[in-house]
Amino acid sequence: MKISVIGQGYVGLPLSLAISKKYNVIGYDINLTKIRYLKKKKDPNNEISKSNFINKKIKFSNNIEDLSNSNYFIIAVPTPVDVNNKPDLYNLKSAIKSVGKFVKNNSTIIIESTVYPGFTDEVCKPMIEKISNLKCIKEDEKKGTKGFYLGFCPERVNPGDKKHTIDKITKVISGSCKIAIKKIKKIYKVVNGKNIYVADNIKVAESAKIIENTQRDLNIALINELSKIFNLMNIDTNAVLKTANTKWNFLDFKPGLVGGHCIGVDPYYLTYKSKKLGYKPDLILSGRKMNDGIPEYLSQKIKKIAKLKKIKSSNIKCLIIGVSFKENVSDIRNSKAIELVKLLKKKYIVDLYDPIINEIKVENCLVYKKLSDLKNYYYNCIIISVPHKTLINDLKKIIKIKSKKIKIIIDIKSVLDKKISDFRL
């Protein structure tokens, strides 16, 4: 058995390493720089330690021909949205085209990338059939029918989360027929043991993946809207949530910036398909509009506070602390903190402080990596945007160092005492 995992990011890399405990794996990615890192046992995303690369049956490659002898193909490439928030499936379709020419009789293709319900059967299957000249084997096929097996097994990777790692979650699988499910289960047993749930069919598995993040997005949107209302009433949102959480069935969500590759993206896949079928999902789109609008809301709030304190825009110099898409990860893609940076730099001088991300400049703003680098710089507006765990002590030191100069403190995630900050969600 030889398995190829296409895409070595947040999903593909831990999956490749987990499977390679037992089976031979080709960890493929088109990014040569990433492959060079992986060959040195280094994860560019800093999610996986070097020790996890040791004693594994794995070969990392960006040579597509290395996939030729595989009989299992797991596709775990990014599926983002475009500038109009429509599904961007270029990476997935490209991966399918690449894999298709290596598909042989009895090959198994598994999609882990997020898609809208129906995509695997409606798009992936016919593409593979056309390229491979083989049929997808379904339940009613005759015994001995030549063809390939197809499955959709949605990823449930949460970057920065060291508790719900890939081997500790329940893995959802689905397949084109019972044999496909049996073959797929054999692979994931190496990773998840008995924690495997077989969905009724591929569309159910696709739908489950989509609503997991859509539900979370809507809940956060609700709390963000409540935060806006409570702010108008001069009520501390965190105090309200803390009180409400004393009820046994209250859901514990917090206000904040919602970006990244899942929560801020998946609802658009569902709404895209829904609108294609003639139904406009107003509630889901409303939640997206609310969460996408938080950077602009914060920008206006800073402007209002500056006006109340009689500080001219030309005199404001901001330090934004944390700019990745979420706490404790280095990835800045689809970061709402960066959207806030874009808005603020139109009016103010903006610098950034984030020791975790790899970039030294973001949106032409300097990114400082050491606390000592900040001591000689003047900032009268501090915005705590993404408070990585490693930054908590730094925050207190920054406030102390610059306490006489700071006029505005925006604490988006409420990590400081509320008496210190001028505003928090």
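## Strand S14 and its partners

In this predicted model, Leu 319 stands opposite Ile 382 of strand S14, and this pairing belongs to a parallel arrangement in which 4 bridges join strand S10 (residues 317-321) to S14. Strand S15 (residues 408-411) also pairs with S14 in the parallel sense, again over 4 bridges, and there Asp 411 is the bridge partner of Ile 384.

Within S14 (residues 381-384), the side chains alternate: Cys 381 and Ile 383 point one way, whereas Ile 382 and Ile 384 point the other way, and all of them are buried.

## Helix H10

Helix H10 covers residues 294-308, and because 15 residues at 1.5 Å a residue should span 21 Å, the 21 Å found between its end C-alpha atoms agrees with expectation. The buried residues of H10 are Ile 294, Pro 295, Tyr 297, Leu 298, Ser 299, Lys 301, Ile 302, Ile 305 and Ala 306, so that the list holds Lys 301 and Ser 299 as well as Ile 294 and Leu 298.

The cover over these buried residues includes strands S14 and S15, together with helices H6, H9 (282-292) and H11 (336-344). After H10 comes Lys 310, whose phi is positive, near 60 degrees.

## A nonpolar patch at the surface

Helix H6 (residues 202-232), which contains Ile 229, is also among the elements that cover the buried residues of H10. Ile 229 has 35% relative accessibility and therefore counts as partly exposed, since that class lies between the buried limit of under 20% and the exposed limit of over 50%. Together with Leu 232, Met 233 and Ile 235, Ile 229 makes a nonpolar surface patch of about 400 Å².

Methods
Residues numbered from 1 in each chain as written. Predicted model: local features only at pLDDT ≥ 70, side-chain atom pairs only at ≥ 80, totals over all residues. Heavy atoms only, no water. Buried < 20%, exposed > 50% of the residue type's maximum accessible area, 1.4 Å probe, protein only. Helix = DSSP H or I, 4+ residues; strand = E, 2+ residues; numbered from the N terminus. Pairing = 2+ DSSP bridges. Patch = residues over 30% accessible without salt bridge, like charges linked within 9 Å, V, L, I, M, F, W, Y side chains within 5 Å. Areas by Shrake-Rupley, 256 points an atom, 1.4 Å probe, with all protein chains shown as cover. Salt bridge = Lys/Arg side-chain N within 4 Å of Asp/Glu carboxyl O. Expected span 1.5 Å × (residues − 1). Contact = heavy atoms within 4.5 Å.
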